[in-house]
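Me: I'd like to go through this protein and ask where each label comes from. Can you walk me through the reasoning, label by label?

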Amino acid sequence: MKKKFLSLFSLLFAAILSCGVMAACDEEESSAGGNSPQIEQVDYAGTVSLDMASTTTQKMEVTVKSYIDGDTTHFNLPKNIAGTGNFADTGILKARYLAVNTPESTGKIEEWGKKASNFTKEKLQNATSIVLETDGVNWEVDSTGDRHLVWVWYKAAGSDVYRNLNLELLQNGLALGSKSGETRYGTAAVNAINQATQLKLHVFSREKDPDFYYGQAYEIDLKELRMNIDEYNGLKVAFEGYVSYYNNQGVYVESYDEVTDMYYGVYVYYGFFLSSYGEKVLSEGNHVRIVGSVQYWETGDSYQVADLTYDPFDLENPNNIQLLDKEKHPAANHETAAATFNGKIDIDVTQKNEDGEEVEVTKTVDYAEMALGTSISMKGLKVIDAYTTNNGGDNDGAMTLTCQAADGQIVSVRTIVLKDADGNLITKDDYLGKTIDVSGVVDCFDGEYQIKVFRTSSIAIVG
């Protein structure tokens with residue numbers, strides 16, 4: 001009897017021990033699988049305060065010039081500051097947020113990048129006041145020499161207290177730390193990172209970013225594609241933009257970049273087999289996501305994106321082209337001077353050096369090369385010569401108009417076959433010697449940049 005009792009006791013003890021071990025394993029698995037452990041959350045951004053009277057840091061009140069991404073914003077400098085010290089005489093301060101490194105939302109897109117960018121933009125858009133603060137006694141710049149390292153404080157509507165945006169990004173798991181412990185608010189920053197890690201928030205989670213597409217393509221923006229298009233030749237890419245013009249079973253897609261104040265675009269060829277469905281997605285004015293292969297088109301002496309797919313029965317497929325918004329957004333038709341069109345521009349590009357640090361370099365490029373595939377307009381062009389295609393093909397009647405701007409600059413305008421309201425062919429005699437305003441897409445033919453026009457209404461005779 002005693003032996004039987006001991007046997008039952010042993011079994012009971014083993015069962016209890018087993019349950020305890022299983023519970024511990026379940027808890028560990030739950031913690032590793034993305035379910036946030038139950039811990040008391042602390043508002044670490046609220047544990048620090050902005051001391052406007054302190055002399056140990058520099059401070060200035062600013063307004064937003066342009067939103068770049070989660071940890072970079074361009075601010076308007078006070079008039080008495082611009083051009084002094086190491087501040088640009090452009091009146092713009094390019095701010096790089098201290099202690100944080102958010103995922104990329106421009107150039108090469110990364111998971112949670114858009115979430116971080118939208119978070120920063122929302123906070124600053126709704127702010128009644130924004131103050132930048134240095135970490136030490138001086139205004140310091142980062143390794144690029146062009147961006148100031150700052151703490152960003154904002155005051156929300158209805159509040160009289162400034163909030164530290166850097167710390168909010170950290171405690172919401174929208175950024176990794178960047179030398180966080182070495183900064184003025186290092187204790188709060190490190191605690192915010194540790195808490196976000198324990199709670200498995202966003203970049204620290206194992207969850208998928210709902211704003212990121214997990215397809216087989218490189219997630220980029222159109223500026224990145226246009227700046228480095230040779231590197232993407234033959235590769236599959238994905239990007240967002242607005243459809244500006246339709247042309248020959250394809251469309252031009254463009255998007256605006258606030259940093260360079262330019263539009264970037266590309267021709268997207270969808271071909272015959274996608275026409276029945278693709279045209280609904282790729283209607284002019286639609287906000288779309290394009291997924292396709294970058295190809296060099298020898299005939300057009302330029303690159304295009306092709307090999308698109310569209311499955312109407314699997315709209316969430318990340319390899320599909322997708323309609324993001326069908327609220328019509330007209331072609332930008334960015335007004336451009338002839339001298340600008342024919343000239344060169346400097347563009348600042350952020351790249352990573354051998355140490356993995358972000359550095360900003362300046363590239364000097366042809367304006368028209370960067371504007372390829374985008375819609376522009378140009379005014380006051382006098383047509384001084386004209387050529388009509390006549391080789392027995394479908395393009396018979398298309399024209400090339402050689403135009404001269406008021407400053408003597410020469411610009412070439414290429415049309416498709418144009419007809420008037422009654423269906424009559426428009427010829428070069430209708431334009432020769434006249435002054436016109438035009439709108440179309442920047443194109444390249446035989447190594448020369450031109451404005452390509454797709455409709456009669458895009459050329460207006462003004463003189």
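Me: What makes W112 count as buried or exposed?

Reply: Keep in mind that this is a predicted model. W112 has a relative accessible area of 8%. Buried means under 20%, so W112 is buried.

Me: Where does W112 sit, and what is its phi?

Reply: W112 is in the loop between β4 (99-101) and α2 (113-125). Its phi is positive, about 70 degrees, although W112 is not a glycine.

Me: Which label does D446 get, buried or exposed, and why?

Reply: Its relative accessibility is 65%. The cut-off for exposed is over 50%, so D446 counts as exposed. D446 lies in the loop between β22 (435-445) and β23 (448-453), and its phi, near 55 degrees, is a positive value in a residue other than glycine.

Me: Why is P318 called partly exposed?

Reply: P318 comes out at 21% relative accessibility. Buried needs under 20% and exposed needs over 50%, so P318 lands in between and counts as partly exposed.

Me: What does P318 touch, leaving aside neighbours within four places in sequence?

Reply: P318 is in contact with Y213, Y214, G215, R289 and V291. Take Y213: P318 and Y213 are 105 residues apart in sequence, yet 5.5 Å apart in space, C-alpha to C-alpha. As for its place, P318 belongs to the loop between β14 (302-306) and β15 (322-325).

Me: And what about P312, why is it called partly exposed?

Reply: P312 has 26% relative accessibility. That value is neither under 20% nor over 50%, so P312 counts as partly exposed. P312 is also in the loop between β14 and β15. Its C-alpha atom is separated by 9.8 Å from that of Q322, ten residues apart along the chain.

Me: What makes N172 partly exposed?

Reply: The relative accessible area of N172 is 27%. With buried set at under 20% and exposed at over 50%, N172 has to be partly exposed, because 27% falls in between. N172 is found in the loop between α3 (165-171) and β8 (176-178).

Me: Which residues does N172 touch, not counting those up to four places away in sequence?

Reply: They are F119, L201 and H202. For a C-alpha distance, try V203: N172 and V203 are 31 residues apart along the chain and their C-alpha atoms are separated by 9.2 Å.

Me: How many disulfides does a search of the whole structure find?

Reply: Zero. To count, a pair of cysteine sulfur atoms would have to be within 2.5 Å.

Me: Why are C403 and C444 called buried?

Reply: C403 has a relative accessible area of 0%, and C444 has 6%. The cut-off is under 20%, so C403 is buried and C444 is buried.

Me: How much of the protein is buried?

Reply: Buried residues make up 44% of the 463 residues. The secondary structure comes to eight helices and 24 strands. Among contacts between residues at least 6 apart in sequence, 63% join residues at least 24 apart.

Me: Which residues touch the most other members in the largest nonpolar core?

Reply: Of its 57 residues, those are L225, F239, I290 and L401. Strand β19 (residues 375-388) gives the largest share of this core, five residues. Apart from it lies another core, of 41 residues, among them V62, V64, I130 and L167.

Me: What is I290 in contact with, beyond four places in sequence?

Reply: The partners of I290 are V237, A238, F239, V253, V268, L282, V305, L308 and I321.

Me: How many cavities of 30 Å³ or more does the structure hold?

Reply: One. About 40 Å³ of space lies in the largest cavity. The residues that line it are D261, M262, Y263, H334, Y367, A371, T374 and I376. The elements giving two or more residues to that lining are β12 (262-269) and α8 (367-371).

Me: How do the lining residues of the largest cavity divide?

Reply: Five are nonpolar, two polar and one charged. Asp counts as charged, so D261 takes that label.

Key. Residues numbered from 1 in each chain as written. Predicted model: local features only at pLDDT ≥ 70, side-chain atom pairs only at ≥ 80, totals over all residues. Heavy atoms only, no water. 1 Å grid on protein atoms, 1.4 Å probe; cavity = no way out; pocket = protein on both sides within 12 Å on 5 of 7 lines; lining within 4 Å. Points joined across faces, edges and corners; volume = space filled by probe spheres on them. Helix = DSSP H or I, 4+ residues; strand = E, 2+ residues; numbered from the N terminus. Core = buried A, V, L, I, M, F, W, Y, C linked by side-chain atoms within 4.5 Å. Buried < 20%, exposed > 50% of the residue type's maximum accessible area, 1.4 Å probe, protein only. Contact = heavy atoms within 4.5 Å.
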